[in-house]
Protein chains: 2
Amino acid sequence: MLIDGQPADQIPLTDRGLQYGDGLFETIAIQDGRPCLWQRHMRRLQKGESALGFPPIDKELLWQEAHKLCTGRQQGVLKIVLTRGSGGRGYRPPDPCQPRRMLTTHPWPDYPQSWYDHGIVLRRCDTPISRQSRLAGIKHLNRLDQVLARAEWRDSAIVEGLMMDEMSNVISGTQSNIFLIKGDQLITPELSQAGIAGVVRELVLEFAGQYSLHPQVIKVGLDDLKQADALFITNSILGLCPVARFEDRQYDLSNIPSELVKFVENSYRADV
Amino acid sequence: MLIDGQPADQIPLTDRGLQYGDGLFETIAIQDGRPCLWQRHMRRLQKGESALGFPPIDKELLWQEAHKLCTGRQQGVLKIVLTRGSGGRGYRPPDPCQPRRMLTTHPWPDYPQSWYDHGIVLRRCDTPISRQSRLAGIKHLNRLDQVLARAEWRDSAIVEGLMMDEMSNVISGTQSNIFLIKGDQLITPELSQAGIAGVVRELVLEFAGQYSLHPQVIKVGLDDLKQADALFITNSILGLCPVARFEDRQYDLSNIPSELVKFVENSYRADV
């Protein structure tokens, strides 16, 4: 663990990340001693800094610290938490503020190969996801929506929960983005009001544009899910993972182009 | 500062309050060495515990710790932060979890007497407040809406900012509840979708019911504010504070019954 570059595992009570969730995070796959898709994670972090009004931290310094923690690790997870730093009582951000950066590594989760070979089970969550245009897309520390949604089930056979906003728009999984394949269309919910714009989501959309699939970033409803030829979820650790079942609907995994799956796998190595 | 009853000023990085804003807080006035309106604060904390699925902490123990910190302080602010405690990576709450409680004291803010005598200036914030029925009413740690709203202005002549949801419902100030007086009606926004149900808000509503004012907890729009005879804001530290001006509208402070103002002041002492 590194806090502002120093080995440490505690932060001051005054940190605004704790007091108000006033911060951002990134969860990054480590492969062969390297943090994967680094530039993409940094671009999203930068968007978050801008949305919250943080002075941008030195990404080169962050890279050096990340590199230090990742070296020698075959596989793992690097988590970066960036807060507005310490402040007094009251919502008003201190000006100037001194953001605090915390880097931790975690074991690779070792998801079963069967998830990729046979697909996962997706359920519908009752907890709505908040609509807030100023915070949509970025990976900030206000995550009670996801915490409450993930607390809805314990059945380990269910891997992910689908979240909708209160207007019944499908937004995402609790910890993943969602994609639908319908004919030659690759559909994913637009995230202007809610959700996190995932790094692998971005990758998949770019690939689709170069390939024979037409990427569509649009409003998505439950009916769209039911009528899709295939579903899959994405996140930085899971990569791309097919959905086998959602409620009464079974999906045919062969409708997910193998080129797409390979493209995502290769991108981790190439760090595009 | 007390963390789980021990003097400390740091928490582990693994705390879910930091990682996800997975926690609650209370901000309590200290007068004559005592935390004011304790039972009301504890009732709200309990609602929050229930909404987030925390096991209820021992309120008697919390009282003893609060008492220890408040004794000997003429005036001050007691802040209680309660998180779900430490956990691993991932939104899923640890089961069982061990909530962590943090108590800190802060100087009394010494608001100018002119705010109470002549009223404050209220502005309209652009940042919408998130709609989320599962979290509405409770005082949880996901406060980026308020942080962004409070960052909208620096002019110290403006004391508070008005927040609305994306459907243009008036919800609250950034750090206060709002009340309108119109004839014999005392109106405050209903908070089933957004906002924090304040302790002083509750007190004012109870008083109005016993007095000649008809309490109305309803949807409120900007027009209602413009057409009101008087406006005031409430919070646990500010108490009841009149609004002198909101945009082009000036309000006559004499439309706020002096009995109401006195009732709030006395309630702090009586701890009702």
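Analyst: Happy to start with a term: buried means under 20% relative accessible area, exposed over 50%, and partly exposed in between (1.4 Å probe, protein chains only). This is a predicted model, where local features need pLDDT of at least 70 and side-chain atom pairs count only at pLDDT 80 or more, while totals for chains, interfaces and linings use all residues. Residues are numbered from 1 along each chain as its sequence is written, chains are lettered from A and ligands numbered from 1 in the order in which they are written, and side-chain values use heavy atoms, without hydrogens and water.

User: How many aromatic pairs does a search of the whole structure find?

Analyst: The search gives 14 over all chains. One of them joins A:F179 and A:F232, with 5.0 Å centre to centre and 15° between the planes. Phe, Tyr and Trp (six-membered) rings pair if their centres lie within 6.5 Å, and planes under 30 degrees apart are stacked, over 60 edge-to-face, the rest tilted, so this pair is stacked. A:F179 lies in strand β11 (residues 177-182) and A:F232 in strand β14 (residues 230-235) of chain A, 53 residues apart. Both residues are buried.

User: What makes the pair of B:F207 and B:F263 stacked?

Analyst: Their centres are 4.4 Å apart and their planes at 25°, so the pair is stacked.

User: Are B:F207 and B:F263 buried or partly exposed, and how do you know?

Analyst: B:F207 has 10% relative accessibility, so B:F207 counts as buried. B:F263 has 22%, so B:F263 is partly exposed.

User: Which residues do ring pairs link into a cluster?

Analyst: A:Y20, A:Y91 and B:F25.

Terms used
Helices (H or I, at least four residues) and strands (E, at least two) are DSSP runs, numbered from the N terminus.
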